[in-house]
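Colleague: Could you take me on a close look at one part of this model, and then show me how other parts are put together? I would like to follow it with the structure open in front of me.

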Amino acid sequence: MEIVSVDIGGTHARFAIAEVSGGRVASLGEAVTLKTAEHASFQTAWEDFGRITGKPLPRAAAIAIAGPVDADVIKLTNNPWIIRRSLVCEKLNVDSFVIVNDFGAVGHAVAQAGAEHFLHLTGPEQPLADSGTISIIGPGTGLGVAHVWRKGDGYHVQATEGGHIDFAPLDSIEDALLERLRKRYRRVSAERVVSGPGLVEIYEALAALEGKAVQQLDDKQLWQLGMSGEDSLAAAAVDRFCLSLGSVAGDITLAQGGFAGVVIAGGLGLRIKDILVRSGFAERFRAKGRFESLMAGIPVKLITHPQPGLFGAAAAYAQEHAQ
């Protein structure tokens, strides 16, 4: 059957027609991206997508949302839209729907995407295991964490708040970074460092160590300068980010028992994939003392699917309505 798959973020809402069959996504059509600021509500954006397709929309919806989704009234993060779960069928003219957290959708994408959508980062060059727990870590605006438990054709996705574990420094530079952050925050989570905006904190801490004055740059500017190598201090901050990502990913894997594999997700991961491969990410991921040999045996991948949110939302619908 055909469904409308939607991935709603703070700035954009992406729509696509998906086909689902037997609990899985059979196909995902071309994505249409609309700006949330140009639409008064999710309903008007939905109707706009219908006009763009030029035909009646399927009467089923799979919706991934950046923010908590447990309440009837869902308020989106960084987006003024409000979605009332009890009114979805009436407002969108659908008969059935699912709503999942955006990183939960990524978990469904990891569970159902083919091997061609994963890039090997470190560990044994083998597919993610068919049985067991797969840990998923997604640095972006924040730090998304989830895990997938699967056995044979079945699986279960669990979104978590693992990005809010304590940041644990491993060397003197990270000691200085933590000390600096503690002056600003009562508690320093991993997300303060291992996220897109965290690069600013790393950059300013490195500058302070060298006694350098720095320009007030936002994280987007710093990522561009660091990845291009135009600014050596920004480049050092990007390298340090990769080290910290490796450490946090290893910690999450141990805590979740993600021994079937680990997946780095999110747009930021894709942008830095070439740097990640040649950085100290792999060494930091393995550096878990007595469990170093265990960590070395875990395949670590980067999901490269162009629309994991849309694909994952559709997968969530397929799984729920196949039962």
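**A close look at helix 1**

Modeller: Gladly! Let us begin with helix 1, which covers residues 42-53: its 12 residues reach 17 Å from the first C-alpha to the last, close to the 16 Å expected at 1.5 Å a residue. Please keep in mind that this is a predicted model.

Now look at which residues of helix 1 are hidden. Phe42, Ala45, Trp46, Phe49 and Gly50 are buried. They sit on the same side of helix 1, because the arc they cover around the axis is only 145°. If you turn to what covers these buried residues, you will find strand 1 (2-8), strand 2 (12-21), strand 4 (32-35), strand 5 (60-65), strand 7 (82-84) and helix 2 (88-92) among the covering elements.

The two ends of helix 1 deserve a look as well. At the N-terminal end, serine 41 acts as a cap, with a side-chain oxygen 3.4 Å from the backbone nitrogen of glutamine 43. After helix 1 comes glycine 54, and its phi is positive, near 75°.

Next, let us move along the chain to a sheet. This one is open, has six strands in the order 9-14-13-10-11-12, and its pairing is mixed. Strand 9 (118-122) and strand 12 (154-160) are its edge strands, each pairing on one side only. On average, and ignoring direction, neighbouring strands of this sheet are turned by 25° against each other.

We can walk inwards from strand 9. It pairs with strand 14 (residues 300-303) in the antiparallel sense, over four bridges, and histidine 120 has lysine 301 of strand 14 as its bridge partner. Lysine 301 turns up again on the way to strand 13, as the bridge partner of valine 263. Strand 13 and strand 14 run parallel and are joined by three bridges. Strand 13 also runs parallel to strand 10, with four bridges between them; there, isoleucine 134 stands opposite glycine 261.

Strand 13 is worth a pause for its side chains. In a regular strand, side chains alternate between the two faces of the sheet. Here Gly261 and Val263 point one way, Val262 and Ile264 point the other way, and all of them are buried. Lying across strand 13 (261-264), and also across strand 10 (132-139), strand 11 (143-151) and strand 12, is helix 7 (residues 232-256), which runs at about 150° to strand 10.

Finally, here are three single residues to click on. Glutamate 116 belongs to the loop between helix 3 (102-112) and strand 9, and it counts as exposed because its relative accessibility is 61%, over the 50% cut-off. Its C-alpha is 9.2 Å from that of isoleucine 303, although the two are 187 residues apart along the chain.

Glutamate 174, in helix 4 (residues 172-182), is buried, with a relative accessible area of 1%. Leaving aside residues up to four places away in sequence, glutamate 174 touches Phe167, Ala168, Pro169, Arg240, Ser244 and Arg284.

Valine 200 lies in helix 5 (residues 198-209). With a relative accessible area of 17%, valine 200 is buried too, since buried means under 20%. Again leaving aside residues up to four places away in sequence, valine 200 touches Leu217, Asp218, Asp219 and Leu222. Valine 200 and alanine 190 are 10 residues apart in sequence, and 14 Å separate them from C-alpha to C-alpha.

Technical notes. Residues numbered from 1 in each chain as written. Predicted model: local features only at pLDDT ≥ 70, side-chain atom pairs only at ≥ 80, totals over all residues. Heavy atoms only, no water. Expected span 1.5 Å × (residues − 1). Buried < 20%, exposed > 50% of the residue type's maximum accessible area, 1.4 Å probe, protein only. Arc of directions from axis to C-beta. Contact = heavy atoms within 4.5 Å. Polar contact = N/O pair within 3.5 Å; in protein donor to acceptor, adjacent residues only side chain to side chain. Pairing = 2+ DSSP bridges. Axes fitted to C-alpha atoms, helices over the stretch in contact; angles between N-to-C directions.
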